[in-house]
Amino acid sequence: MTQQILVRVVNATKYYYKTKKQNKIISLFKLNRLDREIILKNVTVHLYRGEVLGIIGDDESGKELISRLMTKEISPNIGKVTNNEQTFLADVSHKENDFQTLNELIIRTLSLSKVSAKNISKLQDEILDFA
């Protein structure tokens, strides 16, 4: 039995042009200019049913951008994203805007992801150990 891939990001590249004016002009004419800032280059991620993915990295390294690609909130300039499932993101920064603790956020996210109640505690510990 093969595992089902729920979210697939394949060779995704995301870039922005340095000014908004350039964005509008270049998008109108489909010009390929060198004065763009590449944020992500050739990223591939497969998320399988039952998996929990943690993305760790330095500030401004593209973690949030990868998450936004995976949920199809934004599209890559190059590459493809396939996501036909409801996707939940748990971001530690949400703690500032919410009264949930990190443990509550992990439990809620796992519950919404249809993880069985008996596996939640084990996965919660693994996530916290990994972080």
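**Around helix α2 and the cores of the model**

The cover over the buried residues of α2 includes β1, β2 and β3. Here "buried" stands for under 20% relative accessible area, "exposed" for over 50% and "partly exposed" for anything in between, with a 1.4 Å probe and protein chains only. Helices (H or I, at least four residues) and strands (E, at least two) are DSSP runs, numbered from the N terminus. This is a predicted model, in which local features need pLDDT of at least 70 and side-chain atom pairs count only at pLDDT 80 or more, while totals for chains, interfaces and linings use all residues. Residues are numbered from 1 along each chain as its sequence is written, and side-chain values use heavy atoms, with hydrogens and water left out.

Taken as a whole, the protein has 4 helices and 3 strands, and from the N terminus they line up as β-α-β-α-β-α-α. Of its 131 residues, 25% count as buried. The accessible surface, from the Shrake-Rupley method with a 1.4 Å probe and with only the protein chains shown counting as cover for residues, is about 10000 Å². Carbon and sulfur atoms account for 51% of that surface. Contact here means heavy atoms within 4.5 Å; among contacts between residues at least 6 apart in sequence, 57% join residues at least 24 apart.

Back in α2, the residues L65, I66, S67, L69 and M70 are buried. After the helix comes K72, with a positive phi near 65 degrees.

Two of those helix residues turn up again in the largest nonpolar core, a core being a set of buried Ala, Val, Leu, Ile, Met, Phe, Trp, Tyr and Cys residues joined through side-chain atoms within 4.5 Å. This core has 14 residues, and V9, L40, L69 and M70 touch the most other members. Two or more residues each come from β1 (5-17), β2 (36-48) and α2 (63-70). A second core, separate from this one, has 5 residues, among them I106, L110, I120 and L123. In soluble globular proteins, nonpolar side chains tend to be buried together.

Setting aside neighbours within four places in sequence, V9 is in contact with V43, T44, V45, M70, K80 and V81. K80 sits in strand β3 (residues 78-83) and, with residues up to four places away in sequence left out, touches R8, V9 and V10. K80 and V10 lie 70 residues apart in sequence, yet their C-alpha atoms are 5.3 Å apart in space. K80 counts as exposed because its relative accessibility is 55%.
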